[in-house]
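Here are a few worked exercises to try with the model open beside you. Have a go at each task before you read its solution.

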Amino acid sequence: MTKFITRAATALGILSASVVSAAASEDCVERGALDVLYCDANGDLVADTPTDPAKLSNPDTLVFAYTPVEDPAVYADIWAPFISHLEGVTGKDVQFFAVQSNSAEVEAMRSGRLHVAGFSTGPTPFAVNLAGAVPFAIMGAEDGQFGYKLQVFTQADSDIKTVEDLAGRRVAHTSPTSNSGNQAPRALFPSLGVEPDKDYEVIYSGSHDQSMLGVVAGDYDAAPVASEVVDRMAERGLYDTADVRKIWESDPFPTTSFTVAHNLDPALSAKIQEAFFTFDFAGTKLGEEFAGVSKFIPITYQDQWAVIRQIQKSNGVEYTPQGLAGK
């Protein structure tokens, strides 16, 4: 049976300023955006593994967490096959930690109470910079594809050919908080020649579905939408793909990053990663929960999260406890 841990977020608070000061690496020259606890001598944007053996962690029991979900007990059951596999490969006991919030998850790894974790797309940079998380894998399909893309559609017979051609048009965004439906376009489109609200009229449709159907109906000249949503719409016959034309798409936005704590013993870290990359989703509850996923794919924070960092920088996000809390 999967061992199941739950703790209140308040019990996992960010280390006090005095502790951070005492633990900070005095000989660190390069750390980029990382907290003072960490160094980045090789410039890969994640915390370096400590060179002092005394600072390495090799716990008897590994603590694993997945992103905050509505019913943690259900996900403990879903992750049970993987946890059993992880125990077999590493030779360690593994406990499932039911996190209550993104802040609690980041704080748990920062405090050394969490060793292996899946962080959601947006919180991943906070985990990297505040908690020393090192992303190494993401769920993907057999062909190596993962995540989803921001795509821009217009009518099939429209004279709009590029994102720059959106100037002066009526463009449907979904809602202010949507990543692909609003935040990402606002961050990415200026470099492509147009600034939302300034160069074209933004009309909030309420959803990706409504944006796409509005383009088909001619209510909007174009719309940025999430690829996974419009793909499902097409599969259900909600619109005819011959009625629209895609003029641009982003690099894939990553989904959940799977990470290890930066200070794990390198041999243990290697075994953990081996467990991810050798896990067989077929016939498991995990495979049933994540349709279309068949394996864990190797990634790096530097490469696969570049677009997320760009979006967050454009929107003024700072990798601080306050930024994580949305204050």
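**Exercise 1.** In which strand is V116 found? Work out its burial and its contacts too.

*Solution.* Start with the ground rules. This is a predicted model, where local features need pLDDT of at least 70 and side-chain atom pairs count only at pLDDT 80 or more, while totals for chains, interfaces and linings use all residues. Residues are numbered from 1 along each chain as its sequence is written, and side-chain values use heavy atoms, with hydrogens and water left out.

Step 1: V116 sits in strand β4, residues 116-119 (strands are DSSP E runs of at least two residues, helices H or I runs of at least four, both numbered from the N terminus).

Step 2: V116 has 0% relative accessibility, so it counts as buried (under 20% relative accessible area, with a 1.4 Å probe and protein chains only).

Step 3: leaving aside neighbours within four places in sequence, V116 is in contact (heavy atoms within 4.5 Å) with V63, F64, A65, M109, T259, I272 and F276.

**Exercise 2.** Decide how enclosed helix α4 is, and find what follows it.

*Solution.* Step 1: α4 covers residues 102-110, and 8 of its 9 residues are buried, so the rest of the structure largely encloses it.

Step 2: the buried set is S103, A104, E105, V106, E107, A108, M109 and R110.

Step 3: after α4 comes G112, with a positive phi near 90°.

**Exercise 3.** Describe how α4 packs against α5.

*Solution.* Step 1: get the geometry. The axes of α4 and α5 (residues 124-131) come within 9 Å and cross at roughly 30°; axes are lines fitted to C-alpha atoms over the stretch in contact, with angles from 0 to 180 degrees between N-to-C directions.

Step 2: the two helices are therefore roughly parallel (angles under 35 degrees).

Step 3: list who meets whom. V106, M109 and R110 of α4 meet F126, A127, L130 and A131 of α5. That contact divides into 6 nonpolar residues, no polar and 1 charged.

**Exercise 4.** Place P135 and find its surroundings.

*Solution.* Step 1: P135 belongs to strand β5, residues 133-140.

Step 2: its relative accessible area is 6%, so P135 is buried.

Step 3: not counting residues up to four places away in sequence, P135 touches V46, T124, V128, S257, F258, T259, I299, T300 and Y301.

Step 4: for a distance, the C-alpha atoms of P135 and A223 are 32 Å apart, with their positions 88 residues apart along the chain.

Key. Buried < 20%, exposed > 50% of the residue type's maximum accessible area, 1.4 Å probe, protein only. Parallel < 35°, antiparallel > 145°, perpendicular 65-115°, else oblique. Nonpolar A, V, L, I, M, F, W, Y, C, P; charged D, E, K, R; others polar.
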